[in-house]
Every structure is written in C-alpha cells, then in structure tokens.
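Visitor: I'm new to reading structures. Could you walk me through one, feature by feature?

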2 protein chains.
Amino acid sequence: MVRELSDRQRRIYEFLYDYIRAKERAPTVREIGEAVGIPSTSVVKYNLLKLAEEGLIEYNPKIARGIRLIGEAVRRLADSIRIPILGPIAAGQPIPVPDTSLDYERTIELTRDIVKNQKGIYALEVQGDSMIDALIHDGDIVLMRYQPTVENGELAAVWLRREEEATLKRFYLEGDRVRLQPANPMMKPIFVPADNVEVKGKVVCVIRRLDS
Amino acid sequence: MVRELSDRQRRIYEFLYDYIRAKERAPTVREIGEAVGIPSTSVVKYNLLKLAEEGLIEYNPKIARGIRLIGEAVRRLADSIRIPILGPIAAGQPIPVPDTSLDYERTIELTRDIVKNQKGIYALEVQGDSMIDALIHDGDIVLMRYQPTVENGELAAVWLRREEEATLKRFYLEGDRVRLQPANPMMKPIFVPADNVEVKGKVVCVIRRLDS
DNA sequence: ATTATATACGAACATATGTTCTTTGTCAAG
DNA sequence: CTTGACAAAGAACATATGTTCGTATATAAT
C-alpha cells in the first residue's frame, strides 16, 4: 500500500499543504497544475486520485476546492496551544500562579511537540541569573504545570518559606528533609527541612529564545 | 461600525462556523441559503457582504467557497513549522549541517512564536554535559540557523579546528583572534586564533523538554 | 513484436457556484 | 403621501472549476 510517490505527486502534496495553510482553503485543479507545472487538468486529477488512494488526501468529487489533507498533516495545521505567560519568576519574588481571571496580557503559542497535555500549564519568564545553577538563563521562558507536589527527581519550582526565595531545583524528599539538587552536576545540593519547602509546580519545559 | 447583526446574519455566521469547522472548507452561497432558509442566492450574498463589512468574515469575490472566518476563531488553525532534527551535537563530534536530502528521520513541530523565520533552521540534540557553560544541558534541543558567519555577541555553534571540538559560545571577533564567551557569566572566556574557528551557525533557540 | 500498465496531454464538456438585475415589500423620515 | 434606505425574491447570467475521453509515450512483462 505504501507505494513510492512520484515526484509530481510529492510536489502536489507539498503545494496543497502550503496553499491550504496559507489560505485556509484548497486550491483548484488548475491552480495546482499551474503551481506544479502540469499543463493538463486531467493529469492533475489523475495524480490527486493517486494521493487519495494512498490515504494522503481526501478527494471530494464534484465539489469545488474539495480537497482535504488527512491525518498527520491536518493535525499539524490544527493543533497549537496558547499558554499564558503569568509573569516573571525571580529569586526574591513570589512565584506567580494561575488564577481564574480569563485573559492574560501575554501568551505564547506552542505545539503538542512541546506541551503534550495542556492541563494546568502556564509560563513564567525568568528574571535575572539567580537560577543559573538550574541551567536557566535570564529571559528564559519556563513552562510549568501547576501542582502542589512532585515526584522525587522532578524539576520543581519551590518557594523556600524561611528564606522567602524562589528557586528551581530537582526535588528529593529524604525523610523529613528535602534535598534540592541543581541541574548543573558540578554544583552541590542544598538540604532544607521539608516544612520549609512549598512546591509551586513542576517544570515541564524551558525555552530560550535568542533571536528571531 | 459595530452594528447589530440581523437575525439572518447571525444565523449565517453560526452556520459558517459550524460548517467550516466540520468540513474544513467554506459552504457555497446556495448551501448557506438552504441551511438558513434563504431562497435567493442574491440575498445570501447581500448578507455575506454585510458580515464582511463588519469584519466578521473575509469575502473573496469570484472564488468558489472563498469565505474565511476572521479573528480568534480561526487563529488556532494556521501556523506551525516542521524543523528537522539533524542529529546529535557533542563536544568531540563534528556538527551536523543541513544537506539536500529531503526527508529526515526526526522532526520537531514549532510555532512562529518560537521560530520567526524558518529559512535555514534546523535542530540538533545536545549529547552530554560538555556545553554546560553555555547553560545547555544534556538532551536539550538547539535550534540553529545555518550561516557561515555571525555578528559579534551572537551565540554561535563553532568548530575549533585544532582541538577538533564543537562548542556553543558567544562570538566576538577581536582583531585576529576570537573571544568565545560562555553564556554563564561566572565562567571565563577563551581566546583562540580567528583561523582556528569555523562558525557553523547561529543558535536561535534552546528547548529543554523535561517531561510530557 | 505484442501486450499491459502507468502516466501524460489537450480539448471539449458538464456543472458547481458566484454575480447581476429587475421587482417587491417594509419602514422611518420628510 | 412621497421618498429613500434597507432587505428580500427569483430568474437569468457569467464563469470558476471539476470531469470525460480520445490519443500518446514510456516501460516492463510476455
């Protein structure tokens, strides 16, 4: 079933993908022919039917601009997720957490390749170099999942009550104390009493945008 | 400008929304008329133009099924970009660069919020902790733009010819030598002769996925 | 050489689909 | 009442767009 696509078929498919993404509608047979360099509309149709046989597109006879992409391709088009950027995270400041207010000033748009499960996800922008031990830089975007506990070994955003300090470290509960391990293996862990640690969420992803 | 919509116009808009979401294409004038109970195609057109005036839809004259929804409703549908992951980047290994072969084993899907301009972008997966001075961790995905030179101060992927070593550092050309500055401000720069440095590209973004 | 199959061409054709135009009805303003 | 703006109908029209068909070429199998 999975035959090789001919060169033309591949080019048609790519054109369809680009066109649909750009215009949110399918091209006509003639538009395809012109773009791919096929002079005859019947040949375009012939190859479209091949693509449909391969399960790559949906071909709706007699319907103007009736082609649809199928499967993986559409999922890519359809799926992106908007995550709110709640605010800055810095060593000496409380960690922002989600509230019920519905609109946020800033958001970031991501795909499912980055965030598998959108539930409880929010973003913070790192301010300052205080989390450099976690290999996190000034300006980085940290994606967090809001949850009051984490598994041992997960990278957590924690608030140290006594020190009134926010930090990002790997979390290990060891008896009645907590070992907070920097991501940088050259750096030593710190140990704090368990009741001094308030887990604010789990770090799911770190994004560092350096340039357009 | 923000006039009240007539009942018909509201029903047309709702129908458009449902239809497009279900079929990924716009209905024809006649389909709209039938669904909303308008017997005359000209009346459908009349009301579509009203909706377009209000900025609710995009009306493309003479194009079959040329209606588009405008605004938040559709925004989610549009843009994501597939970037190939060419391979690992590690201290002691040559840096992979794009070639002409068209399909890649692994890719990552991103949005324009991450990659503004797709041109020349590829991804590498960091192997090992040798780039920890650049605040880059084992397993991180590094997005690169393939280019043979970089501006001073940009984070570059460079190949040190003599040492046969790959590294990611901020690049400063100073006379006939190059200063390579780690991202971690606590660490000292290294200086190398300019002809020992081969720039492989610019680092555009770093992504660290910790967990689904 | 012959046959079969996949692919391609181009023109004529069919119809799906947008557009125009004339007429009509409603309703508020003058 | 008359006028004008707005909304609607329906039919005729124009064209955008899919389809069919006779023919042709290349390649591989017989």
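Visitor: Let me start with a single residue: is A:Glu164 buried or exposed?

Guide: Before we dig in, keep in mind that this is a predicted model. To judge a residue, we look at its relative accessible area, and over 50% counts as exposed. A:Glu164 is at 54% relative accessibility, so it counts as exposed.

Visitor: And where does A:Glu164 sit in the chain?

Guide: Look in the loop between E7 and strand E8 (165-174) of chain A.

Visitor: What is the phi of A:Glu164 near?

Guide: Here's the general idea: most residues other than glycine have a negative phi. A:Glu164 isn't a glycine, yet its phi is positive, near 50°. Chain B has a case to look at too: B:Glu164 is not a glycine either, and its phi is positive at about 50°. You'll find B:Glu164 in the loop between strand E7 (155-160) and strand E8 (165-174) of chain B. With a relative accessible area of 54%, B:Glu164 is exposed. One more for your list is A:Glu24, which follows H1(A) and has a positive phi near 60°.

Visitor: Since you brought up H1(A), how do I check the span of helix H1 of chain A?

Guide: You count residues and allow 1.5 Å for each, using one less than the number of residues. Helix H1 of chain A covers residues 7-23, which is 17 residues, so it should span 24 Å. The C-alpha atoms at its ends are 24 Å apart, and that agrees.

Visitor: Which residues are buried in H1(A)?

Guide: They are A:Gln9, A:Ile12, A:Tyr13, A:Leu16, A:Tyr17, A:Tyr19, A:Ile20 and A:Arg21.

Visitor: Let's zoom out. What domains does the assignment give for chain A?

Guide: There are two entries: domain 1 (7-77) and domain 2 (81-207). To see how far apart they are, take the centre of each over its C-alpha atoms; for chain A those centres are 45 Å apart.

Visitor: Now the DNA. How many residues surround DNA strand C, and which are the closest?

Guide: The idea is to gather the residues around the strand and then see what they touch. DNA strand C is surrounded by 25 residues, the closest being A:Ser40, A:Ser42, A:Tyr46, B:Arg30 and B:Tyr59. Of the atoms of DNA strand C that come within 4 Å of the protein, sugar and phosphate make up 63%.

Visitor: Which part of DNA strand C does A:Ser40 approach with a polar side-chain atom?

Guide: A base nitrogen, at 2.5 Å. A:Tyr46 goes for the backbone of the DNA: an N or O atom in its side chain lies 2.5 Å from a phosphate oxygen of DNA strand C. From chain B, a polar backbone atom of B:Lys62 is 3.0 Å from a phosphate oxygen of that strand.

Visitor: Which helix gives the largest share of the surface near DNA strand C?

Guide: That's H3(A), with six residues. By class, this surface divides into 11 nonpolar, seven polar and seven charged residues.

Visitor: And which residues are the closest to DNA strand D?

Guide: A:Arg30, A:Tyr59, B:Ser40, B:Ser42 and B:Tyr46, out of 25 residues that surround DNA strand D. This time H3(B) gives the most to the nearby surface, with six residues. For polar contacts, a backbone N or O atom of A:Val29 is 2.7 Å from a phosphate oxygen of DNA strand D. The side chain of A:Thr41 has an N or O atom 3.1 Å from a base oxygen, while B:Arg8 has a side-chain N or O atom 3.0 Å from a phosphate oxygen of DNA strand D.

Visitor: Last one: how many aromatic pairs does a search of the whole structure find?

Guide: Four, over all chains. Take A:Tyr122 and A:Tyr146, an edge-to-face pair with ring centres 6.3 Å apart and 70° between the planes. The pair links distant parts of the chain, 24 residues apart: A:Tyr122 is in strand E5, and A:Tyr146 is in the loop between strand E6 and strand E7 of chain A. With a relative accessible area of 1%, A:Tyr122 is buried, whereas A:Tyr146, at 45%, counts as partly exposed.

Key. Residues numbered from 1 in each chain as written. Chains lettered and ligands numbered in written order. Predicted model: local features only at pLDDT ≥ 70, side-chain atom pairs only at ≥ 80, totals over all residues. Heavy atoms only, no water. Near = heavy atom within 4 Å. Polar contact = N/O pair within 3.5 Å; in protein donor to acceptor, adjacent residues only side chain to side chain. Helix = DSSP H or I, 4+ residues; strand = E, 2+ residues; numbered from the N terminus. Buried < 20%, exposed > 50% of the residue type's maximum accessible area, 1.4 Å probe, protein only. Nonpolar A, V, L, I, M, F, W, Y, C, P; charged D, E, K, R; others polar. Domains from an automatic or database assignment. Phe/Tyr/Trp six-rings, centres within 6.5 Å; stacked < 30°, edge-to-face > 60°.
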